Each structure stands twice: as C-alpha cells, then as structure tokens.
Amino acid sequence: MTPDAPTVDVHAHILLPQVEEAVAGHPALAEARALDARRNGPAALAVNGPMVAERVPKLTDVTVRLAAMDAQGVDVQLVSPSPSHYHYWADEDTAEKVYRLANEATATHCSAAPDRLRGLGLAPLQHPALAVAALEHALEQGLLGVEISSHAPGRELSDPAYEPFWSRAEETGALLFLHPFGCTLDERLDRWYLSNTVGQPTENAVALSHLIFSGVLDRHPELKLMAAHGGGYLPTHIGRSDHAWSARSDAGAGCANLPSSYLRRLYFDSLVHDPRTLRELTRVTGADRVLLGSDFPFDMGTEDPLRALRAARLPDADFHAVRGANAAALLHLT
C-alpha cells in the first residue's frame with residue numbers, strides 16, 4: 001500500500017431534484033413524510049431544512065464539489081444519492097421512475113469529471129423483483145453499483161426474495177453500499193437527534209447481522225458490500241455475536257462460521273468520529289477492509305476526512321491503505 005495511491009472518499013452524496021419532482025404529489029408520499037417526521041421529531045426537522053439548503057451547491061454543482069474536494073485533499077469521490085431519495089414507499093411504476101432518474105442523473109453528474117467522480121445508483125428494495133433490473137440499469141449507465149438501506153418495509157436483508165439480487169451483484173462484481181435511512185425504533189429516538197446518532201449505527205448493526213446470521217454471505221462469498229458509518233455498532237461488539245453463535249443452537253443455525261470472520265469479507269467506511277474506534281475497526285476487520293469516508297457534505301460527516309484519519313495514528317501502510325489504496329483497488333481506479 002504505497003503513498004502514491006489517490007485519496008478516495010467513498011461516502012459522498014448527491015441531491016437529485018429530478019427524483020423529488022417525479023414523486024411530488026403522490027398520495028403515499030405524505031404518509032411517508034409523516035412517518036419520517038415522527039421518527040426524527042420537530043427539533044431535528046427544524047435543523048435539517050436549513051442545513052441541507054445551505055449545502056445544495058455542493059450536492060448538485062460539479063464545479064463546487066470539485067473545489068471542495070481540492071480543499072479537502074480528496075482526489076476521487078464515490079458519489080451516491082442522498083438516502084432521502086430511496087422512497088421505499090413507492091409502488092412499482094413509481095419505483096422504476098425513481099431508480100431510472102436517480103441512476104441517470106448520478107451518471108450525468110459524474111461524467112462531468114470522469115477522472116475524479118465515480119457513482120452509485122439506487123435499487124428499490126421494497127420490490128425485490130425490480131432490484132436486479134435497477135442494478136443492471138445502474139451498471140449500464142457506467143455506475144459501479146447501487147446504494148441500499150438497511151431494510152425495506154416488511155423485509156429484512158435476510159429475506160429470501162433478495163437472493164436473485166445478491167446473485168446478480170456477485171456475478172457482475174457490482175458494489176453495494178449499505179447506508180441506512182430511518183430507524184424502526186421510531187419515536188423512542190425523536191429527541192436530541194437520537195434518530196441519527198443512535199439510529200444509524202443500530203440499523204447498520206441489524207442489517208449486517210441479518211446478512212451474516214442468515215447465511216447470505218455464505219451463499220455469496222464474492223459479494224462486494226460496503227457499510228457506511230464503520231458498520232455501526234457491530235464491529236466493536238462482534239464478540240457478543242461470536243459468543244451467541246458458539247453458545248446457542250438458534251444463533252448458530254444459519255451461518256457456517258463465527259460471525260466475526262465475515263467482517264473480513266465486507267468493506268467499511270472510516271466515518272466513526274473517534275480515532276480509537278477507527279483503530280479498533282481496522283484491527284477487527286483488517287486495514288485492507290476500511291475505506292476513507294466523509295458523508296460529504298452533510299453535518300453528520302467530517303469536513304476534513306484526512307485529518308480524522310490521521311488522528312487514529314495508524315501505521316503508515318494502514319494509513320495509506322485506508323486513505324485510498326483500498327478504494328483504488330476496489331473501484332478499479334488503477
């Protein structure tokens with residue numbers, strides 16, 4: 001892992017007005033927004049609106065994005081749609097419009113600076129039968145894969161209905177970016193922005209546990225899946241999962257190996273907001289499985305991802321691996 005690798009941020013977002021225009025006025029949208037409001041609470045919503053508004057140029061304008069990347073010392077971004085565009089409430093016709101618009105608009109944005117931007121599309125998890133088509137459409141646009149949430153209404157990622165999706169992603173070598181949106185703990189987290197600070201790492205841990213314990217990763221060992229937010233609580237608490245797998249027949253029935261062993265088959269971004277946690281993440285997963293991530297340009301990200309990485313004081317080889325060499329290999333940049 002050499003110092004000459006590019007610096008690559010794998011967790012950066014784009015805002016897609018085309019998608020929101022397509023769903024505007026849909027009867028189910030109001031109900032979905034009401035649920036989101038209940039989950040977040042009024043104080044969070046009052047902050048979210050102005051926060052996003054002031055970041056719209058970075059989220060939509062390629063020139064502004066590139067200038068911000070230069071200021072950060074980032075050579076390449078992997079751009080994914082804002083998770084607010086998932087719209088997992090949508091019927092099949094609307095869901096198809098959403099993923100097509102999202103894939104095409106993200107590809108167009110990245111094509112304005114092809115040496116510096118790579119992209120991911122969307123797949124409608126609420127309609128497993130459409131997920132494969134959405135993935136293939138994303139790849140046809142020149143995107144590297146798709147971004148997915150931790151669950152869809154009524155379906156966990158362990159649901160057998162997703163088997164064709166995992167198989168096609170494995171066959172094509174597509175990258176799947178697991179980025180939760182919304183937490184099913186609902187109003188329990190509706191104050192102090194717990195919906196994000198507690199909800200997001202919880203959703204990551206639940207989703208990854210479903211993939212591990214159900215045997216999805218046994219059946220699809222070549223699946224390229226990257227988890228946002230360092231995989232949430234799971235990597236630093238994986239010992240409890242290992243103990244359950246060893247001690248209880250019900251916990252160990254679905255997967256062939258210790259849960260911790262599967263972490264070395266997955267990828268994780270570095271966005272954990274604590275240098276000690278980042279060091280532990282690299283220890284548990286291997287430094288070759290951690291990639292620089294900033295959550296650009298939202299307030300729950302970091303404006304200086306390299307500074308956050310340096311604070312972990314990793315060995316030089318591990319630092320350069322996380323900084324960009326791992327992503328360069330995964331994204332075929334070199």
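Guide: Helices, of at least four residues, and strands, of at least two, are DSSP runs numbered from the N terminus. Also, this is a predicted model.

Visitor: Okay. Where does Pro-297 lie, then?

Guide: Pro-297 is in the loop between strand S11 (290-291) and helix H15 (305-311).

Visitor: What kind of peptide bond joins Phe-296 and Pro-297?

Guide: A cis one, with omega at about -5 degrees.

Visitor: Let's do pockets. What volume does the second largest pocket have?

Guide: About 220 Å³. It has 14 lining residues, and Pro-297 is among the closest to its centre. Lys-58, Gln-72, Thr-302 and Glu-303 are the others named as closest.

Visitor: Which helix gives the largest share of that pocket's lining?

Guide: Helix H5, residues 62-72, with three residues.

Visitor: And how does the pocket lining split by class?

Guide: Five residues are nonpolar, four are polar and five are charged.

Visitor: What about closed spaces? How many cavities of 30 Å³ or more are there?

Guide: The count is one. The largest cavity holds about 60 Å³ of space.

Visitor: How would anyone find empty space like that?

Guide: You roll a probe the size of a water molecule over the atoms, and that shows where empty space is left.

Visitor: Which residues line the largest cavity?

Guide: They include His-85, Tyr-86, His-87 and Tyr-88. Leu-122, Ala-123 and Pro-124 are also among them. Helix H6 gives the most to this lining, with three residues.

Visitor: How many charged residues are in the cavity lining?

Guide: None. Eight are nonpolar and three are polar.

Visitor: H6 again! Where else does H6 give the largest share?

Guide: In the largest nonpolar core, which has 69 residues. H6 supplies six of them, the largest share. There is also a second, separate core of 16 residues, including Leu-120, Phe-177, Leu-291 and Ala-328.

Visitor: Back to the largest core. Which residues have the most contacts inside it?

Guide: Ile-148, Phe-165, Trp-166 and Leu-208.

Visitor: What does Leu-208 touch?

Guide: Leaving out residues up to four places away in sequence, Leu-208 touches Leu-178, Leu-225, Ala-227, Gly-231, Leu-234, Leu-266 and Phe-268.

Visitor: New topic. What is unusual about phi in His-229?

Guide: His-229 has a positive phi of about 55 degrees, although it is not a glycine. His-273 also has a positive phi, near 65 degrees, and is a residue other than glycine.

Visitor: Where are these two histidines found?

Guide: Both are in loops. His-229 is between strand S9 (224-227) and helix H12 (238-247). His-273 is between strand S10 (267-269) and helix H14 (275-285).

Visitor: Is His-229 buried or exposed?

Guide: Buried, because its relative accessible area is 14%, and buried means under 20%.

Visitor: And His-273, buried or exposed?

Guide: Exposed, because its relative accessibility is 52% and the cut-off is over 50%.

Visitor: Why does Leu-185 count as partly exposed?

Guide: Because its relative accessible area is 32%, in between those two limits. Leu-185 is in the loop between strand S8 (175-178) and helix H9 (194-197).

Visitor: Last one: Ser-82. Where does Ser-82 lie?

Guide: In the loop between strand S2 (76-81) and helix H6 (92-111). Ser-82 is buried, at 5% relative accessible area.

Visitor: What does Ser-82 touch?

Guide: His-13, Ile-14, Leu-15 and Phe-298, not counting residues up to four places away in sequence. The side chains of Ser-82 and Ser-84 are also joined by a polar contact of 2.8 Å.

Key
Residues numbered from 1 in each chain as written. Predicted model: local features only at pLDDT ≥ 70, side-chain atom pairs only at ≥ 80, totals over all residues. Heavy atoms only, no water. Buried < 20%, exposed > 50% of the residue type's maximum accessible area, 1.4 Å probe, protein only. Polar contact = N/O pair within 3.5 Å; in protein donor to acceptor, adjacent residues only side chain to side chain. Contact = heavy atoms within 4.5 Å. 1 Å grid on protein atoms, 1.4 Å probe; cavity = no way out; pocket = protein on both sides within 12 Å on 5 of 7 lines; lining within 4 Å. Points joined across faces, edges and corners; volume = space filled by probe spheres on them. Nonpolar A, V, L, I, M, F, W, Y, C, P; charged D, E, K, R; others polar. Core = buried A, V, L, I, M, F, W, Y, C linked by side-chain atoms within 4.5 Å.
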